[in-house]
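Visitor: I have a new model open on my screen and would enjoy a guided tour. Could you take me through it one question at a time?

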Amino acid sequence: MIKKIIVTFCLLISLTALAQEGTSSPYSFYGIGDIKFKGTVENRSMGGLSVFPDSIHINLQNPAQLASLKRTNFSIGATYLNTKSKTETQIDKARRTALDYLAVGVPLRKLGLAFGLIPYSSVGYKIQSVKESTNSANETEVKTNQYYGIGGVNKVFFGVGFGLTKKINFGVDVQYNFGTIKTTNTTTLTINNDFVQDGTRELNSSNLSGVNFDLGITYQTKLNKKLSLFSSINYTPQYNLNVNNSRTIETFQSLSTAGGVTSTVQADVADTKIKIPSKLSFGTGFGETKKWLVGAEITLLNTSVTNNRFTDISGNTFENAVRYSLGGYFIPNYNSFTSYAKRVTYRGGIRYENTGLVIQNKSITDCAANIGLGLPMRGTVSNINIGLEVGKRGTKYNNLVEENYVNLSIGLSLSDLWFVKRKFD
């Protein structure tokens with residue numbers, strides 16, 4: 001088990017080291033960027049549901065579900081993102097690869113412990129804006145602005161879940177947030193197709209840090225001999241991220257092939273605090289354990305309190321957000337000896353959300369359909385989880401961007417029995 005963890009970790013680091021940008025969205029300019037984490041691959045494949053307990057998979061959305069773990073588990077996941085961005089006049093494509101999570105879960109009698117790393121949000125965009133006008137001397141001026149951003153926020157977490165009764169579990173996790181976001185705005189000017197010699201470049205850097213915690217509770221009971229009912233509540237109180245900001249203004253030679261910097265000024269900018277909204281999720285589902293389950297979940301976020309990294313970022317507002325998820329899974333026969341296909345877990349779900357971001361008085365929405373497979377590894381309870389997500393965010397109207405995306409996620413869930421006393425040497 002330990003060898004598998006080390007080998008898998010090294011392979012994934014080598015694959016993701018070449019692609020550190022987890023998004024290509026211009027909407028990631030605001031707040032702390034795109035919120036990328038939506039659960040493990042198996043949860044995302046069901047539309048983001050976290051209501052179902054699982055004895056061999058880590059649930060990273062509700063710490064109370066950790067009490068259901070029966071085996072030590074190592075989970076790691078990554079996503080290949082393929083996005084087509086459209087405006088009323090232009091179309092662009094982008095591809096990214098991103099690490100989604102890295103976690104270890106350990107069951108200890110009535111307790112379940114978990115710790116790991118989650119890349120929580122991501123900033124990544126490259127935008128060019130060209131504006132043409134006529135000056136007082138009747139000359140044609142073309143102003144070109146180029147915007148570039150990279151970075152995001154990561155979470156290191158430690159969680160514990162324990163059984164209060166046979167039907168009720170409670171859990172809590174503590175998360176340390178850290179990260180750096182860097183943005184660059186470059187401006188050049190031409191008059192009658194001739195470059196003005198000097199251009200300007202604004203370089204911004206924000207270092208973010210802060211601590212938060214999550215609370216969760218789950219309830220499970222039998223409806224009859226086969227059917228069970230599942231319910232869960234997850235709450236994250238509002239918290240602040242401390243943002244240490246810096247800004248540099250450079251003047252450079254537009255005509256120079258090397259683009260040499262002619263002057264540098266350190267601008268005075270205030271450090272800020274970003275308010276991360278409180279979150280309340282509640283869901284319910286029913287089904288036959290190890291056979292089929294269906295459920296629904298609603299998540300409410302007080303996003304209207306959120307603000308941007310710099311006080312002079314404008315053009316947007318925030319409103320309260322809501323997310324609806326519906327999904328489930330089906331296993332034809334989990335202990336079949338004759339058919340591998342019958343042991344596969346087939347997952348599916350849909351998701352719709354108002355992200356809470358408002359631009360040009362237009363609420364940015366996001367909707368997606370998900371399918372997935374849980375492929376058992378021969379001779380073990382470990383499995384490979386594959387998920388496919390097809391969705392759309394935003395709109396191409398009102399001078400905005402419509403993003404059509406197809407995301408392929410792959411996760412490894414390696415499970416084994418640890419801390420078992422041997423009967424024989």
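Guide: Gladly! One definition to start: a residue is buried when its relative accessible area is under 20%, exposed when that area is over 50%, and partly exposed in between. Please keep in mind that this is a predicted model.

Visitor: Let's use that cut-off, then. Is Val153 buried or exposed?
Guide: Val153 is found in strand E5. Its relative accessibility is 1%. Since buried means under 20%, Val153 counts as buried.

Visitor: What separates the C-alpha atoms of Val153 and Phe178?
Guide: Along the chain, Val153 and Phe178 are 25 residues apart. In space, the separation of their C-alpha atoms is 5.6 Å.

Visitor: Which element gives the most to the largest nonpolar core?
Guide: This core has 23 residues, and Ile32, Ile58, Leu60, Leu208, Leu241 and Ile274 touch the most other members. Two or more residues come from each of E3, E4, E5, strand E10 (239-253) and strand E12 (272-276). With 5 residues, the one that gives the most is E4.

Visitor: Now for the second largest pocket: which element gives the most to its lining?
Guide: About 1500 Å³ of space lies in this pocket. Its lining has 41 residues, with Pro26, Ile127, Gln128, Tyr147 and Val401 nearest the centre. Elements that give two or more residues to the lining include strand E2 (72-86), strand E4 (111-134) and strand E8 (198-222). The most, 6 residues, come from E4.

Visitor: How many residues of that lining are charged?
Guide: The lining of the second largest pocket divides into three groups. Nonpolar residues number 14 and polar ones 15. The charged residues number 12.

Visitor: How many residues apart in sequence are the parts that Phe52 and Phe230 tie together?
Guide: The structure holds 7 aromatic pairs. In one of them, Phe52 and Phe230 meet edge-to-face, 6.1 Å centre to centre with 80° between the planes, and both residues are buried. Phe52 lies in the loop between helix H2 (41-44) and E2, while Phe230 belongs to strand E9 (residues 228-236), so the parts tied together are apart in sequence by 178 residues.

Visitor: Phe162 and Phe170 form a pair too. Is Phe170 buried, partly exposed or exposed?
Guide: The rings of Phe162 and Phe170 are edge-to-face, at 5.7 Å centre to centre and 65° between the planes. Phe162 has 27% relative accessibility and counts as partly exposed. For Phe170 the relative accessible area is 26%, which makes this residue partly exposed.

Visitor: Which ring does Arg201 lie over?
Guide: There are two charge-over-ring examples to look at here. The charged end of Lys155 sits over the ring of Tyr120, 4.5 Å from its centre. Arg201, at 4.3 Å from the ring centre, lies over the face of Phe252.

Visitor: Last stop, the loop between E17 and E18. Is Asn361 buried or exposed?
Guide: Most residues other than glycine have a negative phi. In this loop, Gln360 has a positive phi of about 55°, and Asn361 has a positive value near 60°. Gln360 counts as partly exposed at 49% relative accessibility. Asn361 has a relative accessible area of 80%, and with the cut-off for exposed at over 50%, Asn361 is exposed.

Conventions. Residues numbered from 1 in each chain as written. Predicted model: local features only at pLDDT ≥ 70, side-chain atom pairs only at ≥ 80, totals over all residues. Heavy atoms only, no water. 1 Å grid on protein atoms, 1.4 Å probe; cavity = no way out; pocket = protein on both sides within 12 Å on 5 of 7 lines; lining within 4 Å. Points joined across faces, edges and corners; volume = space filled by probe spheres on them. Helix = DSSP H or I, 4+ residues; strand = E, 2+ residues; numbered from the N terminus. Nonpolar A, V, L, I, M, F, W, Y, C, P; charged D, E, K, R; others polar. Phe/Tyr/Trp six-rings, centres within 6.5 Å; stacked < 30°, edge-to-face > 60°. Buried < 20%, exposed > 50% of the residue type's maximum accessible area, 1.4 Å probe, protein only. Lys NZ or Arg CZ within 6 Å of the ring centre and 35° of its normal. Core = buried A, V, L, I, M, F, W, Y, C linked by side-chain atoms within 4.5 Å.
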